[in-house]
Amino acid sequence: MDDFSPPLGRTRPVRSSHANQQAPPDIGSGQTRLTCPAGTVVLLHHGIWHSGRRNDTAHRRSLYKLRLNPTVPQVRLWDACDLHEPAVTAELGTYFPWYEQATARLEIYNRVLLWRALTGDESFDVEYWVTRVSNRLTLRKPA
Amino acid sequence: MRQQVLVLCLASSALDSDVVGWSRYDGTGRTRPTTGDSDEPPYSTGLAALQDGWRLFQASQLLPPQSGHEYDVSFPKHEFFFEKVEEGPHP
(Lines give C-alpha, C1' and ligand atoms only; values in the text may rest on other atoms or scores of the structure.)
Protein backbone atom coordinates (compact mmCIF):
# COMPACT_ATOMS: atom_id res chain seq x y z
CA MET A 1 0.00 0.00 0.00
CA ASP A 2 1.12 3.54 -0.64
CA ASP A 3 0.48 6.96 0.82
CA PHE A 4 -2.05 9.08 -1.04
CA SER A 5 0.18 12.12 -1.30
CA PRO A 6 0.58 14.92 -3.85
CA PRO A 7 3.37 13.63 -6.13
CA LEU A 8 2.06 10.05 -6.21
CA GLY A 9 -1.43 11.10 -7.20
CA ARG A 10 -4.63 10.48 -5.29
CA THR A 11 -8.26 9.57 -5.67
CA ARG A 12 -10.36 12.69 -6.29
CA PRO A 13 -13.99 12.26 -5.22
CA VAL A 14 -16.64 14.80 -6.13
CA ARG A 15 -18.62 15.60 -3.00
CA SER A 16 -22.35 14.73 -3.05
CA SER A 17 -22.02 13.38 -6.59
CA HIS A 18 -23.81 10.10 -5.77
CA ALA A 19 -27.00 12.18 -5.98
CA ASN A 20 -26.07 13.86 -9.28
CA GLN A 21 -27.80 13.25 -12.57
CA GLN A 22 -25.00 13.98 -15.02
CA ALA A 23 -22.54 11.60 -16.59
CA PRO A 24 -19.16 11.42 -14.80
CA PRO A 25 -17.09 12.61 -17.79
CA ASP A 26 -18.82 15.99 -17.48
CA ILE A 27 -17.03 16.61 -14.22
CA GLY A 28 -13.67 18.35 -14.41
CA SER A 29 -14.20 20.76 -11.58
CA GLY A 30 -15.45 20.19 -8.05
CA GLN A 31 -13.08 17.33 -7.37
CA THR A 32 -11.51 17.04 -3.93
CA ARG A 33 -8.22 15.51 -2.88
CA LEU A 34 -8.16 12.35 -0.84
CA THR A 35 -4.86 12.66 1.05
CA CYS A 36 -4.04 9.99 3.64
CA PRO A 37 -1.21 7.74 4.81
CA ALA A 38 -0.86 4.09 3.81
CA GLY A 39 -3.08 1.87 5.95
CA THR A 40 -6.04 4.24 5.99
CA VAL A 41 -9.52 2.78 5.40
CA VAL A 42 -11.84 5.06 3.39
CA LEU A 43 -15.57 4.35 3.08
CA LEU A 44 -17.28 5.77 -0.02
CA HIS A 45 -20.77 5.42 -1.46
CA HIS A 46 -20.22 3.45 -4.64
CA GLY A 47 -22.06 6.12 -6.61
CA ILE A 48 -19.56 8.86 -5.66
CA TRP A 49 -17.85 10.01 -8.82
CA HIS A 50 -14.10 10.11 -8.61
CA SER A 51 -11.01 10.15 -10.71
CA GLY A 52 -7.33 9.44 -10.19
CA ARG A 53 -4.96 12.36 -10.03
CA ARG A 54 -1.96 12.17 -12.38
CA ASN A 55 0.98 10.34 -10.82
CA ASP A 56 4.06 12.55 -11.18
CA THR A 57 6.49 9.84 -10.03
CA ALA A 58 7.86 6.65 -11.58
CA HIS A 59 6.48 4.65 -8.62
CA ARG A 60 3.23 2.74 -9.20
CA ARG A 61 0.53 3.63 -6.67
CA SER A 62 -1.27 0.63 -5.16
CA LEU A 63 -4.35 0.13 -2.97
CA TYR A 64 -6.96 -2.48 -2.14
CA LYS A 65 -10.56 -1.85 -3.15
CA LEU A 66 -13.46 -3.82 -1.65
CA ARG A 67 -16.90 -3.26 -3.13
CA LEU A 68 -19.98 -4.11 -1.06
CA ASN A 69 -23.24 -4.47 -2.97
CA PRO A 70 -26.44 -4.69 -0.89
CA THR A 71 -28.99 -7.22 -2.12
CA VAL A 72 -31.91 -6.07 0.04
CA PRO A 73 -33.27 -2.57 0.77
CA GLN A 74 -31.14 -0.99 3.49
CA VAL A 75 -34.07 0.27 5.57
CA ARG A 76 -33.17 0.57 9.30
CA LEU A 77 -30.65 -2.26 9.11
CA TRP A 78 -28.60 -0.64 11.84
CA ASP A 79 -29.06 0.47 15.47
CA ALA A 80 -31.90 2.93 14.88
CA CYS A 81 -32.60 3.90 18.49
CA ASP A 82 -31.36 7.47 17.97
CA LEU A 83 -33.20 8.29 14.74
CA HIS A 84 -35.15 11.08 16.35
CA GLU A 85 -32.21 12.78 18.06
CA PRO A 86 -31.84 16.46 17.10
CA ALA A 87 -28.25 15.74 16.06
CA VAL A 88 -29.55 13.70 13.10
CA THR A 89 -31.51 16.62 11.70
CA ALA A 90 -28.60 18.99 12.38
CA GLU A 91 -26.16 16.72 10.53
CA LEU A 92 -28.44 16.33 7.53
CA GLY A 93 -28.98 20.10 7.42
CA THR A 94 -25.30 21.03 7.37
CA TYR A 95 -24.15 23.52 4.75
CA PHE A 96 -20.59 23.46 3.41
CA PRO A 97 -18.51 26.33 2.04
CA TRP A 98 -18.14 24.65 -1.34
CA TYR A 99 -21.89 24.76 -2.05
CA GLU A 100 -23.30 27.21 -4.55
CA GLN A 101 -25.95 29.43 -3.00
CA ALA A 102 -28.89 27.95 -4.89
CA THR A 103 -27.63 24.38 -5.04
CA ALA A 104 -27.06 24.22 -1.28
CA ARG A 105 -30.81 23.94 -0.72
CA LEU A 106 -31.03 21.17 -3.31
CA GLU A 107 -28.28 19.27 -1.50
CA ILE A 108 -30.38 19.35 1.68
CA TYR A 109 -33.48 18.41 -0.29
CA ASN A 110 -31.79 15.32 -1.72
CA ARG A 111 -30.36 14.33 1.67
CA VAL A 112 -33.91 14.33 3.04
CA LEU A 113 -35.01 12.01 0.23
CA LEU A 114 -32.07 9.70 0.96
CA TRP A 115 -32.84 9.66 4.69
CA ARG A 116 -36.50 8.90 4.01
CA ALA A 117 -35.43 5.96 1.85
CA LEU A 118 -33.06 4.66 4.55
CA THR A 119 -35.49 5.02 7.45
CA GLY A 120 -38.87 4.53 5.80
CA ASP A 121 -39.97 7.71 7.56
CA GLU A 122 -41.87 9.69 4.93
CA SER A 123 -42.47 12.55 7.37
CA PHE A 124 -38.80 13.35 7.97
CA ASP A 125 -37.69 16.77 6.77
CA VAL A 126 -35.12 19.51 7.37
CA GLU A 127 -36.51 23.05 7.49
CA TYR A 128 -39.53 21.75 5.51
CA TRP A 129 -37.47 21.75 2.28
CA VAL A 130 -39.25 18.70 0.85
CA THR A 131 -42.60 19.34 2.50
CA ARG A 132 -42.93 22.82 1.05
CA VAL A 133 -42.41 21.43 -2.45
CA SER A 134 -44.60 18.32 -2.19
CA ASN A 135 -47.42 19.87 -0.16
CA ARG A 136 -48.97 21.75 -3.07
CA LEU A 137 -52.55 22.87 -3.34
CA THR A 138 -54.64 20.74 -5.66
CA LEU A 139 -58.05 21.39 -7.10
CA ARG A 140 -60.77 19.69 -5.11
CA LYS A 141 -63.84 18.29 -6.81
CA PRO A 142 -66.95 20.29 -5.97
CA ALA A 143 -69.11 18.58 -3.37
CA MET B 1 2.20 33.76 -27.03
CA ARG B 2 1.23 31.33 -24.26
CA GLN B 3 -1.78 31.19 -21.95
CA GLN B 4 -1.96 30.63 -18.22
CA VAL B 5 -5.54 29.55 -17.49
CA LEU B 6 -7.36 29.83 -14.18
CA VAL B 7 -10.80 28.24 -13.74
CA LEU B 8 -12.91 29.47 -10.84
CA CYS B 9 -16.31 28.05 -9.90
CA LEU B 10 -18.21 30.64 -7.88
CA ALA B 11 -21.10 30.41 -5.44
CA SER B 12 -23.37 32.35 -7.78
CA SER B 13 -23.26 34.09 -11.16
CA ALA B 14 -21.97 37.26 -9.46
CA LEU B 15 -18.28 37.70 -10.18
CA ASP B 16 -17.62 38.92 -6.65
CA SER B 17 -19.16 35.83 -5.00
CA ASP B 18 -17.05 33.24 -3.20
CA VAL B 19 -14.89 30.66 -4.94
CA VAL B 20 -16.20 27.12 -4.38
CA GLY B 21 -13.95 25.26 -6.84
CA TRP B 22 -10.84 26.00 -8.87
CA SER B 23 -8.10 24.66 -11.11
CA ARG B 24 -5.15 26.09 -12.99
CA TYR B 25 -3.32 25.11 -16.17
CA ASP B 26 -0.02 26.45 -17.46
CA GLY B 27 0.37 26.84 -21.20
CA THR B 28 3.98 27.97 -20.87
CA GLY B 29 5.02 24.47 -19.82
CA ARG B 30 7.09 25.75 -16.89
CA THR B 31 4.78 24.16 -14.32
CA ARG B 32 2.24 21.32 -14.53
CA PRO B 33 -0.67 22.20 -12.24
CA THR B 34 -3.97 20.38 -12.62
CA THR B 35 -7.30 20.21 -10.85
CA GLY B 36 -7.17 19.16 -7.19
CA ASP B 37 -3.63 20.42 -6.49
CA SER B 38 -4.38 22.65 -3.50
CA ASP B 39 -6.65 22.76 -0.46
CA GLU B 40 -7.22 26.50 -0.50
CA PRO B 41 -8.49 28.53 -3.45
CA PRO B 42 -5.97 30.92 -5.03
CA TYR B 43 -8.47 33.77 -4.64
CA SER B 44 -11.47 34.24 -2.38
CA THR B 45 -13.67 35.67 -5.15
CA GLY B 46 -13.63 36.10 -8.92
CA LEU B 47 -13.16 39.81 -8.42
CA ALA B 48 -9.96 39.21 -6.46
CA ALA B 49 -8.56 37.35 -9.47
CA LEU B 50 -9.38 40.31 -11.73
CA GLN B 51 -7.65 42.65 -9.31
CA ASP B 52 -4.54 40.45 -9.49
CA GLY B 53 -4.33 40.82 -13.26
CA TRP B 54 -6.26 37.79 -14.55
CA ARG B 55 -8.38 38.52 -17.64
CA LEU B 56 -11.85 36.99 -17.75
CA PHE B 57 -12.45 35.39 -21.15
CA GLN B 58 -15.42 33.08 -20.59
CA ALA B 59 -18.35 32.75 -18.19
CA SER B 60 -20.95 30.00 -17.96
CA GLN B 61 -24.24 30.58 -19.69
CA LEU B 62 -27.14 30.60 -17.24
CA LEU B 63 -29.59 27.84 -18.11
CA PRO B 64 -32.78 26.95 -16.24
CA PRO B 65 -33.15 23.28 -15.24
CA GLN B 66 -34.98 20.94 -17.58
CA SER B 67 -38.58 20.32 -16.71
CA GLY B 68 -38.78 17.58 -14.10
CA HIS B 69 -35.21 18.18 -12.90
CA GLU B 70 -35.78 21.34 -10.87
CA TYR B 71 -34.70 19.63 -7.64
CA ASP B 72 -31.75 17.63 -8.92
CA VAL B 73 -28.20 18.59 -8.03
CA SER B 74 -25.59 18.81 -10.71
CA PHE B 75 -22.05 19.99 -11.46
CA PRO B 76 -21.01 23.55 -10.57
CA LYS B 77 -22.97 26.01 -12.70
CA HIS B 78 -20.99 29.22 -12.32
CA GLU B 79 -17.66 28.53 -13.98
CA PHE B 80 -15.40 31.42 -15.00
CA PHE B 81 -12.27 31.12 -17.15
CA PHE B 82 -9.42 33.60 -16.68
CA GLU B 83 -6.15 33.97 -18.53
CA LYS B 84 -2.77 35.59 -18.30
CA VAL B 85 -1.00 35.79 -21.63
CA GLU B 86 2.76 35.67 -21.87
CA GLU B 87 4.73 36.80 -24.91
CA GLY B 88 7.73 34.91 -26.20
CA PRO B 89 8.60 31.45 -27.49
CA HIS B 90 7.88 28.20 -25.75
CA PRO B 91 10.77 27.45 -23.29
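**Close-up views of salt bridges, the chain interface and selected loops**

**Arginine and aspartate side chains in chain A.** A:Arg54 and A:Asp56 are joined through their side chains by a salt bridge, with an N to O distance of 2.9 Å. The model shown here and in the following views is predicted. A second salt bridge connects the side chain of A:Asp56 with that of A:Arg53, at 2.7 Å from N to O. A:Asp56 therefore takes part in a salt bridge with A:Arg53 and in another with A:Arg54. The three residues are not alike in their accessibility: A:Arg53 is buried, at 6% relative accessibility, whereas A:Arg54 is partly exposed at 28% and A:Asp56 is partly exposed at 39%. A:Arg53 is classed as buried because its value of 6% falls under the cut-off of 20% relative accessible area.

**A salt-bridge network that includes a residue of chain B.** Salt bridges link A:Arg53, A:Arg54, A:Asp56 and B:Arg32 into a network. Among the links in chain A are the pair A:Asp56 and A:Arg53 and the pair A:Arg54 and A:Asp56. Over all chains, the structure contains seven salt bridges.

**A salt bridge between two strands of chain B.** The side chains of B:Arg55 and B:Glu83 form a salt bridge with an N to O distance of 3.4 Å. B:Arg55 belongs to strand β3 (residues 55–59) of chain B and B:Glu83 to strand β4 (residues 79–86) of chain B, so this pair ties together parts that lie 28 residues apart in sequence. The two partners differ in exposure: B:Arg55 is exposed, with a relative accessible area of 56%, while B:Glu83 is buried, with a relative accessible area of 10%.

**Surroundings of B:Glu83 in strand β4.** B:Glu83, a residue of strand β4 of chain B, is buried at a relative accessible area of 10%. Its side chain makes a polar contact of 2.4 Å with the side chain of B:Gln3. When neighbours within four places in sequence are set aside, B:Glu83 is in contact with B:Gln3, B:Gln4, B:Gly53, B:Trp54, B:Arg55 and B:Phe57. Of these contacts, B:Gln3 is the partner in the polar contact, and B:Arg55 is the partner in the salt bridge.

**The interface between chain B and chain A.** In this interface, 22 residues of chain B are in contact with 27 residues of chain A. The two chains bury about 2,200 Å² between them, and 48% of this area is on carbon and sulfur atoms. On the side of chain B, the residues that lose the most area to chain A are B:Tyr71, B:Val73 and B:Phe75, which together account for 32% of what that side buries.

**Polar and charged pairs across the interface.** Three salt bridges are counted between chain B and chain A. The side chains of A:Glu100 and B:Lys77 meet in a salt bridge, at 3.1 Å from N to O. Six residue pairs are in polar contact across the interface of chain B and chain A, with both residues of each pair at pLDDT 80 or more. The residues on the side of chain B that touches chain A comprise eight nonpolar, seven polar and seven charged.

**Positive phi values in the loop between α2 and α3 of chain A.** Most residues other than glycine have a negative phi. A:Glu127, although not a glycine, has a positive phi of about 55°. This residue is located in the loop between α2 (101–119) and α3 (131–134) of chain A. A:Tyr128, also a residue other than glycine, has a positive phi near 60°, and lies in the loop between α2 and α3 of chain A. Both side chains belong to exposed residues: A:Glu127 has a relative accessible area of 58%, and A:Tyr128 has 61% relative accessibility. A:Tyr128 counts as exposed because its 61% is over the cut-off of 50%.

**B:Glu40 in the loop between β2 and α1 of chain B.** B:Glu40 is placed in the loop between β2 (19–26) and α1 (46–51) of chain B. With a relative accessible area of 60%, B:Glu40 is exposed. A distance of 9.3 Å separates the C-alpha atoms of B:Glu40 and B:Gly21, which are 19 residues apart along the chain.

Methods:
Residues numbered from 1 in each chain as written. Chains lettered and ligands numbered in written order. Predicted model: local features only at pLDDT ≥ 70, side-chain atom pairs only at ≥ 80, totals over all residues. Heavy atoms only, no water. Salt bridge = Lys/Arg side-chain N within 4 Å of Asp/Glu carboxyl O. Buried < 20%, exposed > 50% of the residue type's maximum accessible area, 1.4 Å probe, protein only. Helix = DSSP H or I, 4+ residues; strand = E, 2+ residues; numbered from the N terminus. Contact = heavy atoms within 4.5 Å. Buried area = accessible area lost by both parts, 1.4 Å probe. Polar contact = N/O pair within 3.5 Å; in protein donor to acceptor, adjacent residues only side chain to side chain. Nonpolar A, V, L, I, M, F, W, Y, C, P; charged D, E, K, R; others polar.
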